[in-house]
Amino acid sequence: MSTGVVGKCTARASKAGLDWAAVEKLTDSELDRCLYGERSEAHRSAFPEPDPLHIHQELMRPGVTLELLHLEYLEEHPTGMQYTAFCDRRRAWKRKRRITMRQSHKAGERMFVDFSGKRPSIVNRATGEVRAVELFVATLGASSYTFVCAVETQTVGDWLRAHEEALAYFGGTPEVWTPDCLKSAVTRADRYAPDLQRSYSALATHHDAVVIPARPRKPRDKGKVEVAVQVAQRWILARLRHETFFDLPSLNARIRELCDDLNARPRRMLGGVSRRDLFEAVERAALKPLARDPYVHREVRRARAGTDYHVEVDRHWYSVPYGLANSDVEVFLTPTTVEILHDNRRVALHVRSAERFMHTTERAHRPPSHDAWNERDAGGLEAWAKGVGPATTEMMTRILTARVHRELAWRSGRGLKRLGERHGEARLERVCEQAVKLNARAYKTIERMLKLDRDRLENADECASDKIEHEQIRGAAYYAN
C-alpha cells in the first residue's frame, strides 16, 4: 500500500477512537464499519432494489432472459442500476438460497442407482441403423465405488438384471438401495409411502436389502449417484464417442475396462486415494454377502380367466379351477413356470410352454362332466364293466369293437355305463345276459330291453327261444323249397 492510504487509515482510526487493543477484538466487517461507516447500504439506497424472487419466477417462463427482465426493470425505474449490478443482486440472492446439507454415509449402508440421460449406441452390422441403449450407473455411499453397464431398455427385466450385475461387481449388497422414482422401481411415487414395483421389491428382499427411493422432485436425495452419472458421462461415455459397437456384450466389455480405470483414478480431494482403494479399505468388508441362490425374475401380469377357465399368456392358454371362470387373476411368469394367483393365493402352477395357440389343462381343474368327455378312455369303461359282471363285460367289448371310430364306440360304451347308473348294475347284468344270448351288439338294444323290463319277465329265456306260430309268418320251411 502507499503511504497515503496508510495515513488515511490511521487518521480514520484516530477519529473513531481506536487503538491496537480495540482493533484486535474486532472482526474485519466490524473494523470496516468503524472506519468507513455503512457505505454499502448508503450506496445501494441510491438505486431501487429489484425483487429477486420475482426474477427467479419469471426466468422459469419460456423465452424469458435476465436482459429482458433488466429492460423491464429500467422501464419501471429509469434511474435504476445497470445490467451488471442487476445480475449481481440476483447471484447474491441465489447464493444465500443454495444451502445444502452434507450427508454422511456409513460403509456398506447405501447404494444409489440411476440411468444416465446421455446414452451410448449400437450399430446394426447389416443395415447400419444406429440404436441408442441405456446407461445404468450404481455407486456406493461411503467409497463412491462405481459400477456402469449398458442395457437395452429401462423396463423391469433390464433394471433388475443391471442391479444383479452391479451387486456381483461389488461382491456384496448394501443394506439400502436408493433409486429414482422411475416406473421400473416405483409404481406410485409418494413423499412418505411410495408403492414399490413388486419384482424390484422381491429382488431386494432376496438379497436381504430394503428399497428407499428418493423423494419426488428431490434429486439431492441421491446426489451421490447424480455426481457418479456425471463422472461416468465424462470418463466413460465421452471416451466411447469415436468407437463403434455392433452388440451389447462388446459394448459392456469396453465399458467394464473404462469403469475399472475410473475406480482406479486418484482423487485429489482425498489426497490421491482412489475409489477402489477406499472401497477395499472401508466398504468391502461392511457389505452383506450375496444370496446363495440366484434370483429368478417373476414378471407379474393381470389377466382374466375365460368361460373355458383358461388364462391366456403369450398366445398360450393355461387352466385354472373351473370355479374361477370369468374371474380376475394375477400371473407370475418365470422363464420356466407360470404361477396363477387369485385373492393372493396360488390356484395353478404350470410348466411354461413356447407353443402358440395351444392349451395346457390340468385334469383336476375340469368339472366332472368335462373331465369325462376329455378322458375318452376305453380302458376305463372296460374296467368298470368287469366290476359289474361277465355279461356286462362281454357286452361292453362288443359295443367298443362294433364301431368304426373310437369316439363313437366310446360314446356308446359311456351310454351303457349311464344305464347301469340309472337302473342299477344288477338289472343291467341280467339284461346283458339276455342280450348276449340274442347276439346283440348295440347300446340301443340294452336300453330298449330295460324299458320293456325284459329282465323281470318269467321264463324270459324260453320266450326268447320259442318259435312264433302265425298265419302271416312263412317260417323256415318256406325258404327251404
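A salt bridge here is a side-chain nitrogen of Lys or Arg within 4 Å of a carboxyl oxygen of Asp or Glu. The structure above, which is a predicted model, holds 29 salt bridges. Let us begin with a few of them, then move on to the strands, the loops and the surface.

## Charged pairs

As a general point, side chains of opposite charge can pair when their charged atoms come close. Three pairs are set out below, each with its N to O distance.

| Positive partner | Negative partner | N to O distance |
|---|---|---|
| Arg 188 | Asp 195 | 3.0 Å |
| Arg 284 | Glu 280 | 2.9 Å |
| Arg 304 | Asp 328 | 3.3 Å |

How much of the pair Arg 188 and Asp 195 is open to the surroundings? Arg 188 is partly exposed, because its relative accessibility is 41%. Its partner Asp 195 has a relative accessible area of 34%, so Asp 195 is partly exposed as well.

The pair of Arg 284 and Glu 280 can be read in the same way. Arg 284 has a relative accessible area of 38% and is therefore partly exposed. For Glu 280 the value is 40%, which again means partly exposed.

The last pair in the table, Asp 328 with Arg 304, has its closest N and O atoms 3.3 Å apart. Asp 328 belongs to strand S15 (residues 328–333) and Arg 304 to strand S12 (residues 299–304), so this salt bridge ties together parts that are 24 residues apart in sequence. There is also a group with more than two members: Asp 114, Asp 180, Lys 222 and Glu 226 are joined into one network by salt bridges that share partners.

## Strands side by side

In general, the strands of a sheet pair through backbone hydrogen bonds, and they do this either parallel or antiparallel. One sheet to look for in this model is open and has five strands, in the order S5-S4-S1-S6-S9, with mixed pairing. Which strands form its edges? They are strand S5 (146–151) and S9, each of which pairs on one side only.

At the S5 edge, the neighbour is strand S4 (residues 134–140), and six bridges join S4 to S5 in an antiparallel arrangement. To find this pairing on screen, start from Val 137, whose bridge partner in S5 is Val 148.

Elsewhere, strands S13 and S14 also run antiparallel, and four bridges join them. His 310 has Ser 319 of S14 as its bridge partner. S13 and S14 make a hairpin with two residues between the strands, and Asp 314 takes a positive phi near 50° in this hairpin.

## Loops worth a visit

The loop that holds Asp 314 lies between strand S13 (310–313) and strand S14 (316–319). Its phi is a positive value in a residue other than glycine. Asp 314 counts as partly exposed because its relative accessible area is 36%, between the limits of 20% for buried and 50% for exposed.

A second residue with a positive phi is Asn 439, where the angle is near 60°; this residue, too, is not a glycine. Asn 439 sits in the loop between helix H17 (425–437) and helix H18 (443–451). With a relative accessible area of 48%, Asn 439 is partly exposed.

Another loop, between strand S16 (337–342) and strand S17 (345–351), contains Asn 344. Is Asn 344 buried or exposed? Its relative accessibility is 64%, so Asn 344 counts as exposed. The C-alpha atoms of Asn 344 and Glu 330 are 8.2 Å apart, and the two residues are separated by 14 residues along the chain.

## Patches on the surface

Two surface patches round off the tour. In one, Arg 191, Arg 217, Lys 218 and Arg 220 gather to give a patch of positive charge. Arg 217, one of its members, is placed in the loop between strand S9 (210–211) and helix H10 (223–237). Arg 217 has a relative accessibility of 77% and therefore counts as exposed.

The other patch is nonpolar: Met 1, Val 5 and Val 6 form it, with about 340 Å² of accessible area together. Val 6 is found in helix H1 (residues 3–15). At 40% relative accessibility, Val 6 counts as partly exposed.

Conventions: Residues are numbered from 1 along each chain as its sequence is written. This is a predicted model: local features need pLDDT of at least 70, side-chain atom pairs count only at pLDDT 80 or more; totals for chains, interfaces and linings use all residues. Side-chain values use heavy atoms; hydrogens and water are left out. Patches are made of residues with over 30% relative accessible area and no salt bridge: like charges are joined within 9 Å, nonpolar side chains (Val, Leu, Ile, Met, Phe, Trp, Tyr) within 5 Å. Accessible areas come from the Shrake-Rupley method with a 1.4 Å probe; for residues, only the protein chains shown count as cover. Lys and Arg count as positive and Asp and Glu as negative; His and the chain ends are not counted. The place of a charge is taken as NZ of Lys, CZ of Arg, CG of Asp or CD of Glu. Buried means under 20% relative accessible area, exposed over 50%, partly exposed in between (1.4 Å probe, protein chains only). Two strands pair if DSSP finds at least two bridges between them.
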